[in-house]
Amino acid sequence: MTDPTRPDAPTETPSPEEEGPNFVADLVAADVAAGKHGGKVVTRFPPEPNGYLHIGHAKAIVLDFEIAKRFGGRCNLRFDDTNPEAESVEFVEAIRRDVRWLGYDWGEHEYFASDYFERLYEWAKVLIRKGLAYVDSQTPEQIRLNRGDYHRPGTNSPFRDRSVEENLALFEKMRAGEMAEGEAVLRAKIDMAHPNVVMRDPLMYRIRHVPHHRTGNRWCIYPMYDWAHGQSDAIEGVTHSLCTLEFEDHRPLYDWFLEALEIDPRPRQIEFARLNLTYTVLSKRRLLQLVQGGHVDGWDDPRMPTLSGMRRRGFPPEAIRRFCRRIGVSKREGVVDVTLLEHMVRDHLEHTAPRAMAVLDPLKVVIDNYPEDAEESFEAPNHPTDPSFGTRTLPFCRELWIDRKDFMLDPPRKYHRLAPGREVRLRYACLVTCTDVECDADGRPTVVHCTFDPASRGGTAPDGRKVRGTIHWVSARHAVRGECRLYDRLFDVENPQGEDDFLAHLNPASRVVVENAMLEPSLAGLEPGTRRQFERTGYFVVDPDSTPERPVWNRTIALKDTWAKMVARGATG
RNA sequence: UGGGGCGUCGGCAAGUGGUUAAGCCAUCGGUUUUUGGUACCGACAUUCGUAGGUUCGAAUCCUACCGCCCCAGCCA
């Protein structure tokens, strides 16, 4: 018997036709052609370590890393850790793990915005000296009020014209911890009447007397996103800073800081639309709600759209990467049909997952003309079309398990599975004909009696007669009992994000646990993460909860089921 | 009502003045099949948010209008 375990293929080089449309790549290509940055391309993936990465981040990761790769450049992993109140090392570690799992390597280029705090502080003083930044002592409330709104210009702060010396002294006091939270902020002096509210003297620093997960108590002033991001990009030599659409309004400020500091060459910010997926939610807030509300078992619940959840669910990283390439990159905000992702998952698994047989809803079959204590075995291929997967041995005896769905007392015309008087093929074993059925008081079948054709060894009829149905089975004497967790979409509406109460639309059948599935022997004792196709049922993966005594398999995704569709449509004849 | 974006098939998304308006997913037919899986074949926008205009010719240029998204955190 050949070991059917196959590792996932190594990171593929995307073929040109696989790379989806991508206007960002076109812009970068134009910059390279124009000789900007000496033709170099450096990007960065800049997560804030305050949560888990999800499929939406995967889109950004694939874009950031593959744009860099395409132009012979590199992509940095930079933690945007400027807000100590929400961030932690736990998230830093989870993010590293997920990016690696997705298949990307940032090499030595791991950075933290917090590494630049000193540099940023010095730069802030440069702006103060140029008269381009000032310490504002207004209360948060006053600042908000004086910012104006979409219809009214803002009002200058009474502290806007402090002298350079006073600003410097005050700013140093801020850093020295001599001021309370909210007592003062450092602001860029731009234009309180600017039509873009982002430009109305944006805050650069706020005071927070809280420890930071990396800098400890060294700082009590922390830079704001706008002040930290572009400068961090510049420090790292980033040439193209890719981000989502909501930062489009911030681009003028991104450029303003760079220009004020006379940084050259300057990184270029390019915005693209974030990913939305049907039948799930992707906002950090809602994901957090699912976890904290106990609606799922945690960030890595297999129903979560997080990378850790998808990993546990059994989604191959290759499939996620291909999905991200296929959806393309544009500025249109849309909702991608989750069937595209599911297609990529099935497509990858079709070629990489060894086959096996498992019965999820067992119904006993007795082969009446098979000797009580005899047993034999059949050799079955681990893949129907790829011989390199090898074969395995399937034990067989008089009593077997088949799936309840594969037997009907009174079948419709187009049903071609087992029924009284009908003959079917037991996959890779033999042909059997149903001769009798035992039922319980409710008329529910309990035992199906069959006779087998001794000449049909392997499943081929010696006389060449046609047998339409082929069903899977497991030898009762040799079956291994295991748990199967059948996962499905988390929500039962296409766009839960758009619902008033998205939690009201959780799919009650998103997880169905089968306590006693009957597994063929080869399905026991496998490592978590091992994938298999349970023939005619779906793709499964071994869950970390699995033990040698009790295998636990998660359904990654069901096989397409044309018959079920026909049944639903009433087109079964 | 200010600023910034976006509108091409059910969903993504090409197309940048002359193409029969790509491709993929979904859907619907059919062939093959020891998985009602896979594979393969076929169907699927006379039309590009709307209305005008420019042009021999427009999804592509101009004008107006309509619709949707984002922005008033000392979050990112």
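The questions and answers below walk through a predicted model of a protein with an RNA strand.

User: Which residues come closest to RNA strand B?

Analyst: RNA strand B is surrounded by 67 residues. Of the strand's atoms that come within 4 Å of the protein, 62% belong to sugar and phosphate. The closest residues are His151, Arg208, Arg355, Arg417 and Gly458.

User: Which part of RNA strand B does the side chain of Tyr150 approach?

Analyst: Two other side chains give a useful contrast. An N or O atom of Thr82 sits 2.7 Å from a phosphate oxygen, and one of His343 sits 3.3 Å from a phosphate oxygen. For Tyr150, a polar side-chain atom lies 2.7 Å from a base nitrogen.

User: Which elements give two or more residues to the surface near RNA strand B?

Analyst: That surface has 21 nonpolar, 20 polar and 26 charged residues. The elements giving two or more residues are α5 (140–146), β6 (203–207), α12 (338–352) and α13 (562–569).

User: Where does the largest pocket lie with respect to domain 2 and domain 3?

Analyst: The largest pocket holds about 1,000 Å³ of space. Among its 34 lining residues, Lys405, Ala558, Leu559, Asp561 and Ala564 are closest to the centre. Domain 2 (275–355 + 482–573) and domain 3 (358–471) both contribute to the lining, so the pocket lies between them.

User: Which element gives the most to the lining of the largest pocket?

Analyst: The lining has 13 nonpolar, 4 polar and 17 charged residues. α12, β21, β25 (552–558) and α13 each supply at least two residues. The one that gives the most, with 4 residues, is α13.

User: What is the volume of the second largest pocket?

Analyst: This pocket is lined by 30 residues. Nearest its centre are Pro46, His57, Thr244, Phe247 and Arg274. Its volume is about 730 Å³.

User: How many residues does α2 give to the lining of the second largest pocket?

Analyst: The lining divides into 13 nonpolar, 9 polar and 8 charged residues. β1 (42–45), α2 (55–70), α7 (225–236) and β8 (240–244) each supply at least two. α2 gives the most, and its number of residues is 5.

User: What is the volume of the largest cavity?

Analyst: The structure holds 3 cavities of 30 Å³ or more. The largest is lined by 18 residues, and those nearest its centre are Arg303, Arg313, Phe315, Val338 and Arg489. Its volume is about 210 Å³.

User: Which element gives the most to the lining of the largest cavity?

Analyst: By class, the lining has 11 nonpolar, 2 polar and 5 charged residues. Both α10 (307–313) and α12 supply at least two residues. The top contributor, with 3 residues, is α12.

User: Which residue in β22 stands opposite Cys484?

Analyst: Start with the strands. β21 (residues 480–487) pairs with β22 in the antiparallel sense over 7 bridges. Opposite Cys484 in β22 stands Val514.

User: Which residue in β22 stands opposite Ala358?

Analyst: Strand β11 (residues 358–359) pairs with strand β22 (residues 511–519). The sense is antiparallel, over 2 bridges. Opposite Ala358 in β22 stands Leu519.

Conventions
Residues are numbered from 1 along each chain as its sequence is written. Chains are lettered from A and ligands numbered from 1 in the order in which they are written. This is a predicted model: local features need pLDDT of at least 70, side-chain atom pairs count only at pLDDT 80 or more; totals for chains, interfaces and linings use all residues. Side-chain values use heavy atoms; hydrogens and water are left out. Two strands pair if DSSP finds at least two bridges between them. A residue is near a molecule or strand if one of its heavy atoms lies within 4 Å of it. A polar contact is a pair of N or O atoms within 3.5 Å; within protein, one must be able to donate a hydrogen and the other to accept it, and residues adjacent in sequence count only if both atoms are side-chain atoms. Ala, Val, Leu, Ile, Met, Phe, Trp, Tyr, Cys and Pro count as nonpolar, Asp, Glu, Lys and Arg as charged, and the others, Gly among them, as polar. On a 1 Å grid over the protein atoms alone, a cavity is a set of points where a 1.4 Å probe fits but cannot get out, and a pocket is an open set with protein on both sides within 12 Å along at least five of seven lines; lining residues have an atom within 4 Å of a point. Grid points are joined across faces, edges and corners, and a volume is the space filled by probe spheres set on the points. Domain bounds come from an automatic or database domain assignment.
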